[in-house]
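Biologist: I am new to this structure and would like the terms explained as we go. Please set each value against the rule behind it.

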Amino acid sequence: MDYYFLLFAIMAVGAGIFTITVRDALPSALGLLTVFIALAALYLHLNAPLIAIFQVSIYAGAILVLVVFVIMLLITPDEELESRQKNISYRTLGAILGVYLSVLLVIGIKGIDQIIVQKGLPDGFGHPSLIGTLFFKKYILHFEMASVLLLVALIAAIYLAKKKNI
Amino acid sequence: MNEINLSFDFYHLWEVCGGQLILIVAGLLLMIIDMLLLDKDAETRGKYIGWLTVFIFVATLGHMVYRQWDIHDIVFMGVFSADKFSVFISIVMVFSGFLAALMSMGYLRNNALMKGEYYILLIYAVAGAIGLVQSVDLLMMFITLEVMSLAVYALAAFIKESPFSQEGALKYFLLGSFGSAFFLFGVALIYGLTGSVNITSIALAISGGLYQSLPLLVGFAMILVGFFFKMAMVPFHMWTPDVYEGAPSVVTGFMATAVKAAAFGVCIKVLYVSFGPILANSGQPDFASTVSLSALAPYWKPVVWWLALLSMFFGNLIAVSQTNIKRMLAYSSIAHAGYMSLGILAANGDGRMGVLFYLFAYTLMNIGAFGVVYIIDGKERTAQNLEDYRGLGYKYPALGFLMGLFLVAMAGLPPTAGFVAKFYVFYAAIKEGYFLLAALGILTSVIGAYYYLRVIYMMYMKEEIKEVVRGPVAAPTVIALVITALGVLYLGILPEKLANIANVAQQGLSVIF
C-alpha cells in the first residue's frame, strides 16, 4: 500500500469537500490552502520538486494571499472572531491540519528520498533544466499558444472590468 | 547541460498554421490601430476597425483556400496539422467570422456599442477555433479550446448594461469551465496510460489491447463529455438557451456556427483518429494495427445514438413552447446538433461528408437568420418576441422574405441548403442501418417545421398589434445577408460541388500523421 499517497490524497479530497461545503469565506480559503499543500506533497511524491515549488509559491503563496486579502477587505471581523474561536468543528479541523503538518515535517526531516516512488525514471527526471528544455523544444508551440490565451484573457478582463463609456 | 537549439522551420510553420498566424498578428496590430484612432469619434473608429477585420478574415480565407488546401507536408511538430478535413472546418469558421464581422458593424452601431475590443475578441475567437480544429495534440486542443472559449465568453457578456447578457455569459463561463475540466481530466488519464498526447500515437498505443482497459474508457468518455458540452448536445445543453438569448444577436449567430463547427470538427478528429480504425485506411503498414480500434465502437455508438435522439427530441419539443425568437433558435440549434451527430454515428465517409456539408449550410442559414433578427430588433431586446413579428412580412418585404428563406432552410424544406444537408446525414445514417433513429429524426424535424413555419405564419397572415420599427440597416449587413441568402439557395439547387469538396476533405482525415 502506498501510504504516503493515501495520506495526502485523502487530505486533498477531504479539504476540497470542506472548501465547497463550508458557508464561511475564511475557513473555505483555509480549506483551499490545505488542498494546495496536499497537492504539493503529492507532486514531491511523484519526483517533481519543481512543480511542488511552483504549487506552493504560486498557488499557496500568491493566489491564496490574494483571496485572503479580498476576504479581509469584505468582512468585518470584530463580531465574528469570538464565535469562530469557540466553534468546535473549526477546532477539530485545526487539530487535523496540525497533525498533517507535523507528519509533513517528520517526512521532511527523514529525507525526501523515502517518499519518492521509484519506477525506473529517466535520468534527470524532474530536474528544472530538463523541464526548461522540454518547454522550449518539444512544447514550444504550447508555450506560445498559452501566451495568446493570457492575452485574450487580459483583453476580456479589461473590457469587462472597466467603467462604461471609456 | 542540454543546449537549446530551436529546429524551427518558419516556412513550414507558415504553411501549416498560416491562418492562425495571420489572425493572431492581426489581432495585435488592431489593438495598436485602435489606440491610434482614439482622437476619432466612436462611429468612425468602429467603421475603420470593422472593415479592417473583414479584410483580415478575407485574407485568412484566401490563404486557406489557395495555399493550405493542397500542401503536402501537413503535420507541424506533431502539434498542428493542415489536413483537408481541418482546413475545410477552418474555412467554415473563418467564413462565419467574416459574416459576423460584416453584420457586427451595423449591430454595434444600432446598440451604441462601437468598441474595438469586440473585433479583436472576434478575431481571437476564430484564431482559437482554427487552432482547436488543426491541433493533433490533446494538450494543444485544451489550450486553444480555452483561447476560443474565453474570447466567446467575453463576447457573450459584451452588452454591459444588459443583465441578460451578463447572466448568460456567467452561466456559459461556469458550465464551460466545467466542460473543459472534464476534457482535461480525460486527457490526463489518457496521457497517463499511453504516455503521449498526440492523437496518432495514442491510436497506436491503445490498439495493442489497451482499448479494453477501464481507465482508458473513462478517459475517452470524459474527453467526449467535454466536446458534447461545446456541441450543446442534450443533456449537456443547459447553458445554451440563456446564453443564446442574452448574448448580442450577431455573437449568438457566431457562437451557434463557429463554436459548434469547431467542437464537431475536433470531436470527429479525436473520435475517429484516436479511438477509431480510420488510420488503417491510409495504407501505411505502421498503422495497420489500428484496425483493432473498431472494437471501441460498441462503447460509444449507443451513447451517441441516445444523445442524437434526445437532442433532436428535446431541442425541437422545447422550441415549440418558446415565445422569444432567439431562445427558439437556441433550442433549434440543439436540435441541429442532434441531426449533425447522426453523421458522426454513421461513422462512414458519407456521414463525415454530411456533417461537413451540414456545418457549412448551417453557418449560412443561422447567421443569416440572426442578422434579420438583429435588424428587426433595432436595439437589443425591443422586438424579440414572436408576437412582434406579426404582419412584418408586408411592412418590410425584403426582411420578411429573407427571414422566411432562412427559416424554411432550417426546417429542411427544398430547394434550400437545409434540405440537402439533412438529406446527406439521414442518408448516411440509413446506409449504416439506423432505420429507427432516422425515422424518429425525420419525425422530430416535422415538429421543427411547426415552429419555424409559425414565424412565417405570424409575418404574413396576422395583423400587426404592436408598432415594430426595424433598426437602421447598414450596408455591410446587406452584403452579408445577400451572401447568405444566395448561398442557401445555391447549395439547395446545386449541392454537388460543395459535397465533392467535403468528400475530399473527409478523406483527409485518414492521413494525419
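Modeller: This is a predicted model. A starting point is the pair B:Glu245 and B:Arg381, whose side chains meet in a salt bridge at 3.1 Å, N to O.

Biologist: What makes the pair B:Glu245 and B:Arg381 a tie between parts of the chain?

Modeller: B:Glu245 lies in helix H9 of chain B, while B:Arg381 sits in the loop between helix H13 (349-377) and helix H14 (392-395), so the pair ties together parts that are 136 residues apart in sequence.

Biologist: Why is the contact of B:Glu245 and B:Arg381 called a salt bridge?

Modeller: The rule asks for a side-chain nitrogen of Lys or Arg within 4 Å of a carboxyl oxygen of Asp or Glu. The N to O distance here is 3.1 Å, so the pair qualifies.

Biologist: Is B:Glu245 buried or exposed, and how do you know?

Modeller: Buried means under 20% relative accessible area. B:Glu245 has 11%, so it counts as buried. B:Arg381 has 30%, so it is called partly exposed.

Biologist: Which other residue forms a salt bridge with B:Glu245?

Modeller: B:Arg327 does, with the closest N and O atoms 2.6 Å apart. B:Glu245 is in helix H9 (residues 240-246) and B:Arg327 in helix H12 (residues 325-346), 82 residues apart, and the pair links distant parts of the chain. Both B:Glu245 and B:Arg327 are buried.

Biologist: Which residues are linked in a network of salt bridges?

Modeller: The network is made of B:Glu167, B:Lys171, B:Asp242, B:Glu245, B:Arg327 and B:Arg381. Over all chains, the count comes to 14 salt bridges.

Biologist: How many salt bridges are found across the interface of chain B and chain A?

Modeller: The rule finds 1 there. The side chains of B:Glu117 and A:Lys162 meet at 2.8 Å, N to O. B:Glu117 lies in helix H4 (residues 116-134) of chain B and A:Lys162 in the segment after helix H7 (140-161) of chain A, so the pair joins two chains.

Biologist: Why is B:Glu117 called buried, and why is A:Lys162 called partly exposed?

Modeller: B:Glu117 has a relative accessible area of 13%, which is under the 20% limit, so it is buried. A:Lys162 has 23%, and partly exposed covers the range between 20% and 50%, so that label applies.

Biologist: What does the contact between chain B and chain A consist of?

Modeller: It takes 36 residues from chain B and 25 residues from chain A. The two chains bury about 2,700 Å² between them, 79% of it on carbon and sulfur atoms. In chain B, B:Glu117, B:Ile143 and B:Lys160 lose the most area to chain A, together 20% of what that side buries.

Biologist: How many residue pairs are in polar contact between chain B and chain A?

Modeller: The count is 5. Helix H1 (10-36), H4 and helix H5 (138-156) of chain B each supply at least two residues of the side that touches chain A. H5(B) gives the most, with 9 residues. By class, that side has 25 nonpolar, 4 polar and 7 charged residues.

Biologist: How do you know that the length of helix H2 of chain B agrees with its number of residues?

Modeller: Helix H2 (residues 42-66) has 25 residues, and at 1.5 Å a residue the expected span is 36 Å, because the rule multiplies by one less than the number of residues. Its end C-alpha atoms are 36 Å apart, which agrees. The buried residues of H2(B) pack against H1, helix H3 (84-110) and H4 of chain B.

Biologist: What makes the phi of B:Ala232 worth a remark?

Modeller: Most residues other than glycine have a negative phi. B:Ala232 has phi near 60°, a positive value in a residue other than glycine. B:Ala232 lies in the loop between H8 and H9 of chain B and, at 1% relative accessible area, is buried.

Biologist: Which peptide bond in that loop is cis?

Modeller: The bond joining B:Val234 and B:Pro235 is cis, with omega about 5°. B:Pro235 is placed in the loop between helix H8 (214-231) and H9 of chain B.

Key:
Residues are numbered from 1 along each chain as its sequence is written. Chains are lettered from A and ligands numbered from 1 in the order in which they are written. This is a predicted model: local features need pLDDT of at least 70, side-chain atom pairs count only at pLDDT 80 or more; totals for chains, interfaces and linings use all residues. Side-chain values use heavy atoms; hydrogens and water are left out. Helices (H or I, at least four residues) and strands (E, at least two) are DSSP runs, numbered from the N terminus. Buried means under 20% relative accessible area, exposed over 50%, partly exposed in between (1.4 Å probe, protein chains only). Contact means heavy atoms within 4.5 Å. Buried area is the accessible area (1.4 Å probe) that two parts lose on being put together, summed over both. A polar contact is a pair of N or O atoms within 3.5 Å; within protein, one must be able to donate a hydrogen and the other to accept it, and residues adjacent in sequence count only if both atoms are side-chain atoms. Ala, Val, Leu, Ile, Met, Phe, Trp, Tyr, Cys and Pro count as nonpolar, Asp, Glu, Lys and Arg as charged, and the others, Gly among them, as polar.
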